[in-house]
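Student: I have a structure open and I'd like to go through how its labels are justified. Can we take it one step at a time?

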Amino acid sequence: MRYIQGMVKLLQLLFGRLLPQPLDAHIELRVTQAVEQIDPRLKSFSNYPRAYRKAVTTATEYARKLAASLPDFIDLSPGRFAQDPLLHALFTDVEAIYSTVRESQQLKSYCSDHSRPQSCELYALMGMRRKEKTVFGRELNGEMVQQNVQQTLVYFEGHTLMLPSPDRKEFVAKLEQLLFDSLIKSLTEQIAQRVMQRRELEIERDTIVLRLRSVSTDETGQKQKLQAIRRELKLLDKEYSLGNYSALLDKFMDERQQYLRLERREVPIDMRGVMRESTERLAGHFVFHDLIGRDRRRWTLYPVRISVDELQQAMECRCDRERWMEI
C-alpha cells in the first residue's frame with residue numbers, strides 16, 4: 001500500500017512539472033506595464049510575454065522587499081512635536097509640519113476625489129532630503145562649557161507627502177508599485193541615453209565620411225576614428241536592438257541594486273539638531289532609511305499616519321454636508 005501511495009505521489013509530481021502552470025495574474029499585469037513603458041512594439045514579438053516574466057518577477061519581489069524594509073508608520077501630528085524626539089529631529093518647528101501637509105498636491109487631490117476615510121486616518125509616504133553642515137557652537141565638557149566647538153548640524157528639507165491611502169494595505173500596494181515603476185523607468189532612461197549616443201555617433205560618422213571625400217591633411221587619423229565609431233555603433237546596434245530587449249531587461253535586473261536601493265544609517269542627534277550623543281529629553285539615536293535611485297540622490301523615507309482632524313486643521317479647510325473636506 002505504501003509503495004502504491006509513493007508511486008501515485010511521484011506520478012503527480014512528474015505530471016505537475018510537465019503540465020503548464022497557471023499564470024500569475026499580478027505578474028502578467030506587471031509585464032504589460034513594464035513593456036508599455038519600455039517599448040510597446042515588443043508586444044508584437046513572438047517571445048512576448050514569456051521572455052519578460054522572469055525579470056518582471058524579480059523586479060516585483062525586489063520592490064516588495066524594499067517596501068518591507070521601511071520602518072513602521074509614524075504619526076505626523078503637530079500636537080506631538082514637543083514630545084516626539086523623531087518629529088523634533090525631522091522638522092524645525094510645528095509650522096513646518098503644517099506646511100508639509102498643506103503643500104502636498106497629492107493630499108489635496110486625494111481629499112478632493114475621495115470620501116472621508118472610515119478609519120479617520122490617512123497613510124502616506126514622506127520623503128525628504130537629509131542635510132549636514134558644519135557649525136560652531138557651545139559644548140559641555142564635564143563641568144566646563146567650551147565655546148566655538150566645531151559641530152555637525154543635521155537637518156531636513158524638501159518634505160514631500162505622496163501615495164495617500166485610506167489604509168495600510170492600499171498604501172503598501174501603492175508603494176510597491178512606485179518602486180517597481182522606478183526600476184523600469186531607470187531602464188527606459190538608460191535605453192534613451194544609448195539611443196541618443198547612437199544618434200550622435202551616426203552624425204559623427206557621417207561627418208567623417210564627408211571629410212574623407214575631400215582633401216584632408218589627417219586622412220589616417222580620420223580613418224582610424226571612423227573605424228572606432230563603426231565598432232561602437234555595431235555594439236550599440238546589437239545590444240539595444242528591440243530583439244535584444246528581453247536579455248537587456250534580464251541583465252538590468254541582475255544589477256538592480258545599482259539603480260534602486262535602500263541604505264540604513266543610524267545617527268545620534270541632540271535636541272538642537274547637532275550630531276552627537278546626548279541624554280537630553282528630545283535627543284536620541286535615529287535610524288534613517290535613504291532611497292537611492294537613478295539620479296543618485298538620497299531621499300530619506302518615512303511612512304506616516306495622519307489624523308483626519310489634524311489634516312483638516314492643517315489644510316485650513318471647512319466641512320459641509322456634501323463633502324468631508326473643502327479646500
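Tutor: Sure, and keep in mind that this is a predicted model. Start with the helices: at what angle do the axes of α2 and α3 cross?

Student: The axes of helix α2 (residues 25-38) and helix α3 (residues 53-69) cross at roughly 105°, and they come within 9 Å.

Tutor: Good. What makes that pair of helices roughly perpendicular?

Student: Angles of 65 to 115 degrees count as roughly perpendicular. The crossing is at roughly 105°, and α2 and α3 are therefore roughly perpendicular to each other.

Tutor: Which residues meet there?

Student: From α2 there are His26, Ile27, Glu28, Arg30, Val31 and Ala34. They meet Arg53, Val56, Thr57, Thr60 and Arg64 in α3. By type, the residues of this contact split into 4 nonpolar, 3 polar and 4 charged.

Tutor: Now helix α6 (residues 105-113). Which of its residues are buried?

Student: Leu107, Tyr110 and Cys111. Buried means under 20% relative accessible area.

Tutor: And how do you know that they sit on the same side of α6?

Student: Their arc around the axis is only 95°, which puts them on the same side of the helix. Gln105 and Asp113 are exposed, on the face of α6 turned away from the buried side.

Tutor: Over to the strands. Why is β6 called largely enclosed by the rest of the structure?

Student: β6 covers residues 298-307, and 7 of its 10 residues are buried, so the rest of the structure largely encloses this strand. Strand β5 is mostly covered too, with 7 of its 9 residues buried.

Tutor: What makes β5 and β6 a pair?

Student: Two strands pair if there are at least two bridges between them. β5 (residues 284-292) and β6 are joined by 4 bridges and run antiparallel. His289 stands opposite Leu301, and Ile292 opposite Arg298.

Tutor: How many residues lie between the two strands of that hairpin?

Student: 5 residues, and Arg296 in the turn has a positive phi of about 70°.

Tutor: How do you know that β1 pairs with β6?

Student: The cut-off is at least two bridges, and strand β1 (residues 74-75) has 2 bridges to β6, in the parallel sense. Ile74 has Val304 as its bridge partner in β6.

Tutor: And in which sense does β4 pair with β5?

Student: Antiparallel: strand β4 (residues 261-269) pairs with β5 over 9 bridges. One of the partners in β5 is Leu291, which bridges to Leu262.

Key. Residues are numbered from 1 along each chain as its sequence is written. This is a predicted model: local features need pLDDT of at least 70, side-chain atom pairs count only at pLDDT 80 or more; totals for chains, interfaces and linings use all residues. Side-chain values use heavy atoms; hydrogens and water are left out. Axes are lines fitted to C-alpha atoms, for helices over the stretch in contact, and angles run from 0 to 180 degrees between N-to-C directions. Angles under 35 degrees count as roughly parallel, over 145 as roughly antiparallel, 65 to 115 as roughly perpendicular and the rest as oblique. Contact means heavy atoms within 4.5 Å. Ala, Val, Leu, Ile, Met, Phe, Trp, Tyr, Cys and Pro count as nonpolar, Asp, Glu, Lys and Arg as charged, and the others, Gly among them, as polar. Buried means under 20% relative accessible area, exposed over 50%, partly exposed in between (1.4 Å probe, protein chains only). The arc is that of the directions from the helix axis to the C-beta atoms.
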